[in-house]
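Me: I should like to go through this model by question and answer, beginning with a single residue and then widening the view.

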Amino acid sequence: MNVAEYMSRVPARAAYPPVDALQAGLRELADAHPGLVRPRRIGTSRLGEPLHAVTVGEGPADAVVIAGPHPNEPVGAVTALALISLLCRDAGLRARAGLRWHVVACADPDGARLNEGWYGRPGDRRAYAEHFYRPDLADQVEWTFPLTAGDYRFDRPLPETRALMRLMDQVRPALVCSLHNGEYQGAFFYLNRRDETLARRLAALPGLEGLPPHHGEPELPGAEPIVPAVYLTPPGSRVGPLFGTGGSSADHAAAFGALHLVTEVPMWADGRVADQSPAGRPYARVLAEGAAGWRELVEVIQEAMGAVAGDLRVRSPFRRSAEKTLENVLRLGELEQAAPGPDRPATVAEEFGARQMLHSMRLRLLGTLLRMLAAEIAAGNPTPAIRAQRHLLAERFEQWYAQAEADSPGPPVEPRRPAAVQLGAMLTAALHLAGRAG
């Protein structure tokens with residue numbers, strides 16, 4: 001099977017589908033292929049939204065695909081539609097992969113609806129920040145699987161997480177794919193096995209779509225690479241106690257001995273994320289400058305939150321996100337300060353990644369705070385402190401937005417390209433499991 005040829009079949013898209021359009025697309029596929037595409041309800045979201053899985057194929061083994069576990073990551077919805085469509089049209093693909101596919105095209109519809117303001121404008125950094133929403137780690141579908149690690153225990157899975165657990169428990173998958181995307185960083189992957197053959201095949205896929213691999217700082221400090229841009233999946237026992245979360249879908253998949261694959265693809269592409277040449281500056285200085293920027297961000301957010309703390313009346317999702325994200329930023333800062341910085345030159349990828357991460361978190365946090373204050377005003381609570389902080393934060397947003405634009409992370413990526421990489425990664429993993437070359 002030529003995986004690259006299947007990647008090329010992912011259709012062009014000008015935008016990411018809103019939840020209603022995504023569900024309509026799934027219904028159209030089911031209506032067009034009765035008996036082959038079998039949708040079923042697997043649960044209900046926190047706000048009462050039906051959760052569905054679409055099953056295609058006959059096996060003999062099973063795969064579970066989780067798209068949109070984080071609501072600001074909609075590439076997986078495009079990938080899910082493309083995968084189901086390809087499986088319907090190509091009986092040879094279904095047979096060669098040897099899997100019954102169970103696709104959850106939107107694992108967090110409640111959160112996705114809070115991001116739809118930018119779904120229609122991929123690559124518009126202002127729209128992304130102004131309409132951005134990402135829940136706290138302990139409110140994320142991906143990070144609320146039950147977990148016991150020593151004295152630490154997490155047993156508060158979200159309704160959406162329980163739905164995914166039931167699905168996996170029922171089908172006992174051989175393969176679980178969790179589809180994620182980032183912003184400026186290059187493409188990278190997580191595997192729950194140290195499989196260098198599969199890792200090298202995965203690492204080759206982004207280049208087929210002209211996307212750079214990620215060679216900068218790992219997403220999670222201390223993540224262990226298998227090959228460049230492919231990491232071992234961090235266990236929930238390490239992440240959960242640090243951030244007050246549960247395990248991930250990888251932890252639950254381990255109960256079945258499943259291969260677990262996480263795909264991370266970018267929405268902006270810049271070759272600097274893969275540039276391992278020296279940046280001409282000490283790595284310790286890059287880290288110190290980054291730490292100073294993070295301290296400034298924390299100070300701005302803490303001052304704003306302190307100024308309005310006594311006036312807040314609305315328990316909006318934006319408020320909880322802002323408060324908890326600030327806590328997590330502080331924890332990450334403590335971890336990074338505790339780790340000794342290597343005495344060596346920084347690479348271009350490391351320097352670029354450090355700057356872009358700061359730009360990203362500045363705009364995301366300010367955008368969330370501004371949405372929190374707007375919710376207070378819309379609810380009839382425009383106190384002087386709330387109005388004053390909204391004005392100050394809007395000014396700061398413009399300042400930081402201008403700095404981010406002056407240090408652009410490269411051109412936006414047309415949605416089909418990262419979706420094609422995700423599709424290629426899933427097919428590569430399926431063929432690897434089946435013992436067939438991809």
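**A loop residue and its surroundings**

Reply: In this predicted model, Val-314 counts as partly exposed, at 22% relative accessibility.

Me: Where is the place of Val-314?

Reply: The class of partly exposed lies between under 20% and over 50% relative accessible area, and the 22% of Val-314 falls there. As for its position in the chain, Val-314 is in the loop between helix H13 (283–308) and H14.

Me: With which residues is Val-314 in contact, leaving aside its neighbours within four places in sequence?

Reply: Contact here means heavy atoms within 4.5 Å. With neighbours within four places in sequence left aside, the contacts of Val-314 are Arg-319, Ala-375, Glu-376 and Ala-379.

Me: How many Å apart in space are Val-314 and Asn-381, C-alpha to C-alpha?

Reply: In sequence, Val-314 and Asn-381 are 67 residues apart. In space, the C-alpha to C-alpha separation of Val-314 and Asn-381 is 8.8 Å.

**Backbone geometry**

Me: Which peptide bond is cis, with omega near 20 degrees?

Reply: Most peptide bonds are trans. Pro-60 is found in the loop between strand E2 (50–56) and strand E3 (61–67). The cis bond, with omega near 20 degrees, leads into this residue: it runs from Gly-59 to Pro-60.

Me: Is Arg-172 buried or exposed?

Reply: Arg-172 is found in the loop between helix H8 (159–171) and strand E7 (175–181). Its phi is near 45 degrees, a positive value in a residue other than glycine. Because the relative accessible area of Arg-172 is 54%, and over 50% is the condition for the class, Arg-172 is exposed.

Me: Is Ala-229 buried or exposed?

Reply: Ala-229 has a positive phi of about 80 degrees although it is not a glycine. Its place is in the loop between strand E9 (225–227) and strand E10 (230–232). Because its relative accessible area is 4%, and the class requires under 20%, Ala-229 is buried.

**Cavities and a pocket**

Me: What is the volume of the largest cavity?

Reply: A search of the whole structure finds four cavities of 30 Å³ or more. The largest cavity has a volume of about 100 Å³.

Me: Which elements give two or more residues to the lining of the largest cavity?

Reply: The lining of the largest cavity has 16 residues, and the closest to its centre are Pro-74, Ala-77, Cys-106, Ala-112 and Tyr-119. By class, the lining of this cavity divides into twelve nonpolar, three polar and one charged. The elements that give two or more residues are helix H2 (19–32) and helix H3 (75–89).

Me: Which element gives the largest share of the lining of the second largest cavity?

Reply: The second largest cavity holds about 70 Å³ of space. Residues that line this cavity include Arg-125, Glu-183, Trp-268, His-359 and Arg-364. Two elements give two or more residues to this lining, helix H7 (125–130) and helix H15 (348–378). The largest share, four residues, comes from H15.

Me: How many charged residues are in the lining of the second largest cavity?

Reply: The lining of the second largest cavity has six nonpolar and two polar residues. The charged residues in this lining number three.

Me: Which element gives the most to the lining of the second largest pocket?

Reply: The second largest pocket has a volume of about 270 Å³. Of the 15 residues that line this pocket, the closest to its centre are Arg-46, Tyr-133, Pro-135, Asp-139 and Pro-317. Helix H5 (109–113) and helix H14 (317–338) each supply at least two residues of the lining. With three residues, the element that gives the most is H14.

Me: How many charged residues does the lining of the second largest pocket have?

Reply: Five residues in the lining of the second largest pocket are nonpolar and three are polar. The charged residues of this lining number seven.

**The whole chain**

Me: What is the radius of gyration of the protein chain?

Reply: The protein chain has 17 helices and 13 strands. The globule rule gives 22 Å for 438 residues, and the chain comes close to this, so it is as compact as a globular protein of that length. The radius of gyration of the protein chain is 21 Å.

Me: What percentage of the residues in the protein chain is buried?

Reply: Buried means under 20% relative accessible area. Among the 438 residues of the protein chain, the buried share is 56%.

Key:
Residues numbered from 1 in each chain as written. Predicted model: local features only at pLDDT ≥ 70, side-chain atom pairs only at ≥ 80, totals over all residues. Heavy atoms only, no water. 1 Å grid on protein atoms, 1.4 Å probe; cavity = no way out; pocket = protein on both sides within 12 Å on 5 of 7 lines; lining within 4 Å. Points joined across faces, edges and corners; volume = space filled by probe spheres on them. Nonpolar A, V, L, I, M, F, W, Y, C, P; charged D, E, K, R; others polar. Rg over C-alpha atoms; globule rule 2.2 N^0.38 Å. Buried < 20%, exposed > 50% of the residue type's maximum accessible area, 1.4 Å probe, protein only.
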